[in-house]
Amino acid sequence: KSAATLPSLLQAGMSWNDYAIDFAQRSILFWDTMRQRGNDFREHQKKGLPPLLHFAYETVLDARKFARPVNYTLLRIVPPKGVTVDPKRRPYIVIDPRAGHGPGIGGFKDDSQVGVALRDGHPVYFVSFFPEPEPGQTLLDVCEAETAFVHKVRELHPDSPKPVIIGNCQGGWAAMMLAASEPDDTGPIVINGAPMSYWGGAWEEGAGDNPMRYSGGLLGGTWLSSLVADLSNGVFDGAWLVQNFESLHPANTFFDKYYHVFRNVDTEPPRFLEFERWWGGMYLLNREEIEWITQNLFVGNKLWSETKSKRGKLFDLKAIRSPIVLFASMGDDITPPEQAFNWVADTYGSTEEIKANGQVIVGLLHRNVGHLGIFVSGAVARKEHAQIVSVLKSVEALPPGLYGMNIIEHQSKDGVVSYDVEFVEHTLEAVARRLNRFERKDEKAFEAVAKVSEFNQKAYELFAQPLVQQLSNETTAKLGRTFHPLRMQRWAISDLNPWLGWLAQAAAFVKRQRKAVGPENPLRQLEMAGSGILSATLTYYRSVQDAISEAAFFQLYGHMFTNLMADRSPSLARELAADSRQVETVQTALAQIAEGGYPAAVARAAFLLKDKSDKPLPLSRLQLRAELIQDYADLLPETTPDEQRRIRGTQEIIFGESPAAALATLPQLLADPADAARLETLLEKLLQDERILASKPTAAQKAMLGRIRESLGHKRLVPPAATRAVVMKTAVPKAAKPPAAAKRTTTVRRASGAQAKSRARKPAES
């Protein structure tokens with residue numbers, strides 16, 4: 001028996017020995033990685049914390065030299081070798097978040113927002129910022145500077161369409177502020193993981209959903225941000241915001257991310273160090289900036305209702321004329337989908353109001369990626385961001401309304417990945433119900449938080465702030481920033497520490513003598529099991545903490561709202577006015593049933609001739625068909641894209657309310673006989689066109705065409721502009737000419753090496 005067990009005993013001894021050597025070597029290499037992280041942190045500090053962009057860049061404008069200086073700068077991204085951009089193509093402007101970290105996350109790697117736009121041939125500009133704010137700068141000053149950046153980009157590309165504005169997280173609402181204040185200068189807006197409605201949350205069932213939204217109330221409001229800024233001599237350290245993010249995931253913050261390096265120490269350090277270089281670069285804000293953010297956004301939630309620009313105008317999101325793309329994730333507990341979307345319901349109130357305003361809003365929802373993954377994940381960049389760039393021209397040409405963007409992935413037998421992109425129209429009411437399982441009743445307690453916060457803020461400013469400011473100076477402020485735990489843990493484990501002088505040489509020796517054991521080693525398996533238990537314990541602690549915080553929040557502020565504020569609630573007043581607001585929108589549209597002239601007549605004819613079987617009809621999709629627009633330009637109204645969307649939205653409401661009245665009043669839109677003849681000529685030529693006949697118009701459509709002709713009185717005066725042969729290519733006014741990539745109902749594009757097909761689908765009309 002002893003002879004039989006001897007090999008197993010020897011094998012067990014070998015496993016212990018091999019594991020002990022491997023564990024010791026991994027420990028040395030792990031701590032050497034931490035040392036390198038500290039050295040990278042110190043080196044980045046010495047360089048002045050420049051933006052960590054993967055791409056070369058050059059400065060176009062430095063806002064520190066503006067009449068009202070701010071610490072922002074406009075950079076032009078230099079295309080890498082092998083990438084060619086066309087200066088006449090639409091430029092992209094990427095705005096990174098200034099929420100504790102430095103800039104660069106939007107162009108952190110080759111597969112990024114910057115990278116996919118460059119590879120598609122677009123000029124790309126990047127809004128960066130410096131570590132320290134200019135004295136006295138405010139968020140409104142920053143908005144003015146970003147407006148100047150957009151003007152400059154338009155000057156550099158006079159023959160291009162208006163630039164696309166991409167905003168990440170905090171940069172998302174900055175982009176919306178910019179677009180609301182300067183709607184004539186901005187093209188489509190793409191906002192990724194952007195908190196626009198700060199009281200929203202609670203997607204899934206269960207306690208502890210989106211815990212960050214409760215922190216303002218549990219801390220007593222905004223006064224604590226003012227205190228921290230005053231202790232730092234009027235400057236708010238962004239490290240405190242980073243620490244708030246880290247507190248959301250104690251398992252990852254204190255164990256998982258480090259154990260992942262320790263477990264894979266032979267391969268993981270480069271990726272870890274690259275990310276930590278950005279994560280450890282913490283920037284500063286003025287007290288005025290952090291107070292404006294917390295009081296107007298995080299706690300007050302009044303950015304889109306009460307705040308004004310430097311010119312005294314309210315930031316009215318209805319003023320934005322370009323399409324808006326909202327990208328959010330169900331796995332994002334910092335900016336959950338409700339915070340990214342609920343502003344739409346607050347701003348418009350109904351689907352009809354979106355259409356009447358001529359607005360196109362497209363939502364793209366990821367199922368599980370976290371907040372940072374929205375911006376930095378290479379897989380997300382190759383799929384979601386690449387497809388957004390690929391189909392943005394189609395988004396511009398969509399009829400007004402609210403759409404969901406679906407990306408369907410296909411993989412061929414040879415491994416090539418391609419994507420189908422489809423737009424499905426939704427009603428605002430249905431989406432709001434789906435997102436908000438409590439019908440937004442859980443947001444009412446935050447109104448009480450806002451009132452308590454205002455009281456505490458005034459109490460702090462009256463009784464404590466003068467004393468705190470007297471005790472603070474620049475020396476104490478710098479000491480406080482230097483010894484902040486997130487900075488200290490980096491520089492303390494670096495070559496600055498003399499006790500670690502042996503570590504680099506030891507790590508070099510270990511790399512030469514490395515003897516790694518595989519996952520089949522029983523002790524290695526025991527180690528991984530133990531790490532899983534520890535991680536799960538920290539996750540359980542977080543869940544319990546979040547549940548307690550959520551319960552305490554609603555116990556305190558829920559009762560406060562019910563007992564003290566329910567009869568004065570702005571949200572309740574808005575809900576009561578919702579139905580009348582929708583009725584007013586419809587009545588306003590119906591009041592224009594005989595107004596609008598030839599442009600309205602063309603749009604109304606498209607709805608009258610739509611296929612009731614939900615089959616796409618080319619006439620109603622002229623904006624997606626560049627060939628038809630170009631061939632029949634002389635017969636089409638000369639309107640800008642945003643005017644087209646507003647007209648189309650109004651006509652859709654009119655048609656939806658009363659198709660009979662829409663047909664009966666059509667002649668009133670064509671008081672000029674030449675306009676009537678022009679429309680009849682357009683309809684006849686379109687329905688004789690081979691491209692139209694290929695879609696096989698139905699009998700109902702042909703019958704409706706006859707009724708339209710009958711209502712117009714068969715006027716045959718063909719206007720001179722329509723005498724050209726339809727095969728001729730006609731010059732199209734710049735504003736009315738659709739993008740060349742939207743020539744067919746289904747278009748094929750390439751993004752990041754993958755094919756992307758775009759098709760529009762609507763339940764009622766395409």
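**Gln 137 and helix α25**

Me: Which residues does Gln 137 touch, leaving out those up to four places away in sequence?

Reply: Gln 137 touches Pro 69, Val 70, Asn 71, Arg 98, Val 142, Asn 286, Glu 288 and Glu 289, where contact means heavy atoms within 4.5 Å. This is a predicted model, in which local features need pLDDT of at least 70 and side-chain atom pairs count only at pLDDT 80 or more, while totals for chains, interfaces and linings use all residues. Residues are numbered from 1 along each chain as its sequence is written, and side-chain values use heavy atoms, with hydrogens and water left out.

Me: With which side chain does the Gln 137 side chain make a polar contact?

Reply: That of Asn 71, at 2.8 Å; a polar contact is a pair of N or O atoms within 3.5 Å and, within protein, one must be able to donate a hydrogen and the other to accept it, with residues adjacent in sequence counting only if both atoms are side-chain atoms.

Me: Is Gln 137 buried or exposed?

Reply: Gln 137 counts as buried because its relative accessibility is 0%, the cut-offs being under 20% relative accessible area for buried, over 50% for exposed and partly exposed in between (1.4 Å probe, protein chains only).

Me: Switching topic, how many residues of helix α25 should span 24 Å?

Reply: The 17 residues of α25 (residues 641-657) should, at 1.5 Å a residue, and the end C-alpha atoms are 24 Å apart, which agrees; the expected span is 1.5 Å times one less than the number of residues, and helices (H or I, at least four residues) and strands (E, at least two) are DSSP runs, numbered from the N terminus.

Me: And which α25 residues are buried?

Reply: Among them are Asp 642, Arg 645, Gly 649 and Phe 655.
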